[in-house]
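Hi,

Here is the structure I promised to pass on. Have a look at it first, and then read my notes underneath.

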Amino acid sequence: MLNKLHRIRFFLIAGLATALTAADGPRFPKPDPAAALGEYKTYAAPGDPLRRVVEDWDGARRRAAEPRWRDWVAARRAEVDEWKAHRRDKVEWRSGWHHDFVSPKDGSFLVWTPDEPGPDTLRSRNDPKTPVALTPTLHDAWVYRFRTQNASLMPEAARLFRLTGERAYADWAAGQLDFYAANYKKFPRLPKPQPGTQMMYQSLDEATMLSRFVETARLLDDFATPERKRAWLEGLFRPQCELLAQTRRDIHNIACWQRSAAAQVALLYHDDALWKQAVDGPFGVRQQVREGITGDYLWYEQSLGYNSYTARALMPMFEAAWLAGRAGELRDEMLAVQNLILSPMALRFPDGRLPTPADQNGTGKAPDRETLADAARLFPNPIGLKEASKRRTWATLVDPLPAPSGSYELPPVVSRDLESSRMAVLSADGWQVFFHYGQLTQSHAQAEALNFEATFKDVDVTHDPGTVGYGSPLHRGWYRTAPAHNVPMIDGQGQVGWDPGERGSFSKTSSTAAQPRYSPDASASRRLSIEGGKLVDEATVEALHVKPGAKPHAGLALHVQGHVEAPESLRADASFAGSRPAPFQQWKDARTATYRDRAEFIMTTAKGARFRLTFQTPGAFRVTLANTPDAPPKRRDSFYLETDAPKATFRTTFEPLEGEKPKP
C-alpha cells in the first residue's frame, strides 16, 4: 500500500514539477530577444533584426522575364500543369497518419509517389527491391500525403495566376477550394476519430491544410467574387477554425499551427474576434511563444526539430500580418521565434549533427540552410541571405532580399549552461558533450533523462539516433525506451514518466545534475567532466523503497559509435535479454563477463580513431557487450554494466588513443 501511495505521489510531483502560477512570473524570461544570438543575425537597422515583408507582383513579372528566372517559372508551371491534369482528390478517400507510412521491417519511411498504390507497388527507402504489402493503414497514410500535396499546389497555382494572369490557374485553385468547402463534412473518418479532425487524421494535419487553403484564398482575393469567398469562409474556413479551437488547450507545437492558421483567416476576413481568440486568447499565439520557448530559445518539448517546425507554423502568420499592416502587434513574438530558428546552431557537433533529445525522427543538421533561407525574408541572417541569393523561390521573386555582405563563419560552439531547457553543453580539449538531464513536459518525452552524446574532434563517439516513424512498433518498443539511451537503470528499467530534474554545478568543463524522482523506485544522478583530454562520466543510481528480500540490481547502458574489441573473457549470454524488460530483446549477440573494480575495452570508430573505455565501480560487476539498433538500417555496439547491489556509481573514462594504429 505504501509503495502504491508513493507511486501516486511520484506522478503528482512529476506532473506539477514545472508548473508556475502567474504570481511566480514568467516561466521562461526572455529579457532582450533582439540582442540574443546576435552573432547569427543580420540587423536591418541598429537593434532591429526584423525585416518588413512586401509582395511586389509588378516587379515579379519583370524579374520573371529575365533568363535566370525563366527555367524556374517553367518548372513551376510544369509541376502544377501535370498535377491538375492528372490528379484529383476524392471524397471517399480516408486520410491516415503520416507516421504510419513506414516499413514493417525497420520502421523506415516508405517511398511515396503520387500514383495510388497497388498491392505490390510500395517500397522501403532502405530496401527498394522488396515490395511492401499494401494495407488499409498504408493506403490511408498515402492519402495523407496526396491530400497535403494537393493543398500545397493550390497556392502554387494561385501564384502562377498572379504572375501570368492566366485564368486556368485561378480556376483550378478556386475550384479546389470550392470542392473542399462543399465536401468538408463528407470525408470519411476513422472509427474512433481524433478530436479536431474532419478531413484529416489529426488536428495538426487539419491546421496545415487550413494554412494552405487560406493562403490560396488570399492570393485569389481579387479574382473570387464576394459570394464565393463567403462560401469558402462558411463551408471550410470557419468550420475548420471552430473545430481546431476545441483542441490543444495546452502549450504545444500543434497548437501553434492551429492558432496560426486561424489568425491567417482572421486577417483575410478582417475578423477581430477570431484574431483575438487566435492570438490573445487562452493558449493563443502569445501564450504559446511565452511559455513554449525557453529562455535559451529552444522549444520546450525539447526535440530540436520542433524549433524549425514551430517556427514554420508561425512564419506564414507573421508574413500575412506584415502584408495586412498588423505586424507591429506581433513584434515580441517575432523576435522570440527568430531566436528559436537560430539557437540550434549553438549546439551543433563538429560534423554538423545536432543532438537528439526527445523523440525526433532521425538526426538534425546545423546550420539548417533551407530554414534559414526561408526565414531570411522575415529574419535576416548571414547564412540565410547567402543561401537565398542562390535560390529561386516565390519569396525571392516577389520580395527580393538584400545581398549578403562580406564573408561569414559560424561562431565556434562553446560550453553553455542551458538550465532553462534542462540541458548543458561542454566544449574543451577537443571534446564536445551534450547533456540532457531533464524534461519540461510529457509531450514527446522519452525515458532518457541524464542521457548524453559526445564527439571528440570530428569523431562521433556516442549519439542518440532519434526515432523512427511513430507508427512503427520500434518507436515505442525501442527508440523511446531507456535501454536505447546512455542512462542508469535498476533491474533494466530507467526513467518512468518525466521530470525536470535538478541542476547541480556547471563549469566550462563539467556539469552535474540529479533526478531524485527518476522513477517511483529509483533516484539517479550524473557528473560529466573533461579532465586532461579525457571525458569522464560518473553515473549513480539507487533503488528506493526496497522490499524485504528483494535484490535490485543497479545498472548502466552505454552505446558507442565504433567497433569494440571483445576480449576472450566475454562469453555468449543467451539468457541476457530474456531476464530483462522487453526492450532488451533488441540487444543481439550478447556476451558477458564478470570483472572486479575495473574493466577496459578498446573501441575503433569508422574513421579509424581509437578510444580506451575504462569502467570502474567498487567490487564485482558484470559487463555485457551486444549489438543494438542505431538509426535504421544501422546497428551499433552497446554495453550494459550491472552490479548485484541496489546502489552503484559507474565511472566511465573515454581516453583518445591518438597516434596509435588499430590492431591488424
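Below is what I found, going from a helix to the salt bridges and then to a sheet.

One thing before you start: this is a predicted model.

**Helix α14**

I'd begin with α14, which covers residues 382-389. It is largely enclosed by the rest of the structure, because 6 of its 8 residues are buried. The buried ones are Pro 382, Ile 383, Gly 384, Leu 385, Glu 387 and Ala 388. And what do the buried residues of α14 pack against? Their partners are α13 (369-375) and α15 (394-398).

**Salt bridges**

There are 50 salt bridges by the rule used here, and I've picked out a few for you.

Asp 58 and Arg 61 make one of them, with 2.8 Å from N to O. Both belong to helix α2 (residues 57-64), where being 3 residues apart puts about one helical turn between them. Arg 61 has 36% relative accessibility, so it counts as partly exposed.

Arg 326 and Glu 329 also meet through their side chains, again in a salt bridge with an N to O distance of 2.8 Å. Arg 326 is partly exposed at 22% relative accessibility. That value is not under 20%, the cut-off for buried. Glu 329 is partly exposed too, at 35%.

Then there is Glu 531 with Arg 651, a salt bridge whose closest N and O atoms are 4.0 Å apart. Glu 531 sits in strand β11 (residues 522-531) and Arg 651 in strand β19 (residues 647-656), so this pair ties together parts that are 120 residues apart in sequence. Each partner is partly exposed: the relative accessible area is 33% for Glu 531 and 26% for Arg 651.

If you'd rather look at a cluster, a network of salt bridges links Glu 55, Arg 76, Glu 156, Arg 159, Glu 215 and Arg 218.

**The β3 to β7 sheet**

Which order do the 5 strands of this open sheet follow? They run β3-β4-β5-β6-β7, with antiparallel pairing. At the edges are β3 (416-418) and β7 (459-462), each of which pairs on one side only. From one strand to the next, the twist averages 15 degrees. As a general reminder, strands of a sheet pair through backbone hydrogen bonds.

For a spot to zoom in on, try strand β6 (residues 451-456), which runs antiparallel to β7 and is joined to it by 3 bridges. There you'll find Phe 456 opposite Val 459 of β7.

Cheers

Definitions and conventions
Residues are numbered from 1 along each chain as its sequence is written. This is a predicted model: local features need pLDDT of at least 70, side-chain atom pairs count only at pLDDT 80 or more; totals for chains, interfaces and linings use all residues. Side-chain values use heavy atoms; hydrogens and water are left out. Buried means under 20% relative accessible area, exposed over 50%, partly exposed in between (1.4 Å probe, protein chains only). Helices (H or I, at least four residues) and strands (E, at least two) are DSSP runs, numbered from the N terminus. Contact means heavy atoms within 4.5 Å. Two strands pair if DSSP finds at least two bridges between them. Axes are lines fitted to C-alpha atoms, for helices over the stretch in contact, and angles run from 0 to 180 degrees between N-to-C directions.
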